[in-house]
Amino acid sequence: AIMFGCYRKGEANDPETYTMAIAATLADYPHEVVEHVTDPRTGLPAKCKFLPSVAEVREACEDHWKFVKARQQLIEKGWRYENGKLVKPE
C-alpha cells in the first residue's frame, strides 16, 4: 500500500490485476526485502517516476535479497553490524 500510494492514481490499466501481481511477487520475499523495496526513501518509489512493472519489482527484490544473504554470510563469519555498517572481525 505504501508503494502504491506514492504514485498518481490510475496509472495501471487494470489496477486490481496490477495490485494482485505485485502482491504475489512481494510475497516471495522476506519482510526485510519487501520493506526496503517499497519504502519511499530506499526503494522503487524513490527510483521510478511511474508505476514499476512486475519485472522491475522482482529485479529490485532480487537485488536486495542478494545483499541480505551476503550480509548474513559475513555475519556468520564473525563480522558485526554496528551503526548500519559491517565491521570486520578482529
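The following dialogue examines how several descriptions of this predicted model are justified.

Trainee: What is the mean pLDDT of the protein chain?

Mentor: The mean is 88, and 89% of the residues reach 70 or more. Among the elements, helix H3 has the highest mean pLDDT, 96, and helix H1 (residues 2-5) the lowest, 68.

Trainee: Why is Phe-67 called partly exposed?

Mentor: Phe-67, in helix H5 (residues 54-76), has a relative accessible area of 40%. Buried means under 20% and exposed means over 50%, with partly exposed in between; therefore Phe-67 is partly exposed.

Trainee: Which residues make the nonpolar surface patch of about 270 Å²?

Mentor: The patch is made by Phe-67, Ile-75 and Tyr-81. Patch residues must have over 30% relative accessible area, and Phe-67 has 40%.

Trainee: Why is Glu-62 also described as partly exposed?

Mentor: Glu-62, likewise placed in helix H5, has a relative accessible area of 31%. That value lies between the limits of 20% and 50%, so the term partly exposed applies. Glu-62 and Val-37 are 25 residues apart in sequence, and their C-alpha atoms are 9.9 Å apart in space.

Trainee: Which helices supply at least two residues each to the largest nonpolar core?

Mentor: This core has 15 residues, and those with the most contacts inside it include Val-37, Leu-26 and Cys-61. Helix H2 (15-26), helix H3 (31-38) and H5 each supply at least two residues, with H5 giving the most, four.

Trainee: With which residues is Leu-26 in contact, leaving aside its neighbours within four places in sequence?

Mentor: Leu-26 is in contact with Val-34, Thr-38, Val-57 and Cys-61.

Technical notes
Residues are numbered from 1 along each chain as its sequence is written. This is a predicted model: local features need pLDDT of at least 70, side-chain atom pairs count only at pLDDT 80 or more; totals for chains, interfaces and linings use all residues. Side-chain values use heavy atoms; hydrogens and water are left out. Patches are made of residues with over 30% relative accessible area and no salt bridge: like charges are joined within 9 Å, nonpolar side chains (Val, Leu, Ile, Met, Phe, Trp, Tyr) within 5 Å. Accessible areas come from the Shrake-Rupley method with a 1.4 Å probe; for residues, only the protein chains shown count as cover. A salt bridge is a side-chain nitrogen of Lys or Arg within 4 Å of a carboxyl oxygen of Asp or Glu. Buried means under 20% relative accessible area, exposed over 50%, partly exposed in between (1.4 Å probe, protein chains only). A nonpolar core is a set of buried Ala, Val, Leu, Ile, Met, Phe, Trp, Tyr and Cys residues joined through side-chain atoms within 4.5 Å. Contact means heavy atoms within 4.5 Å. pLDDT is the predictor's confidence in each residue, from 0 to 100.
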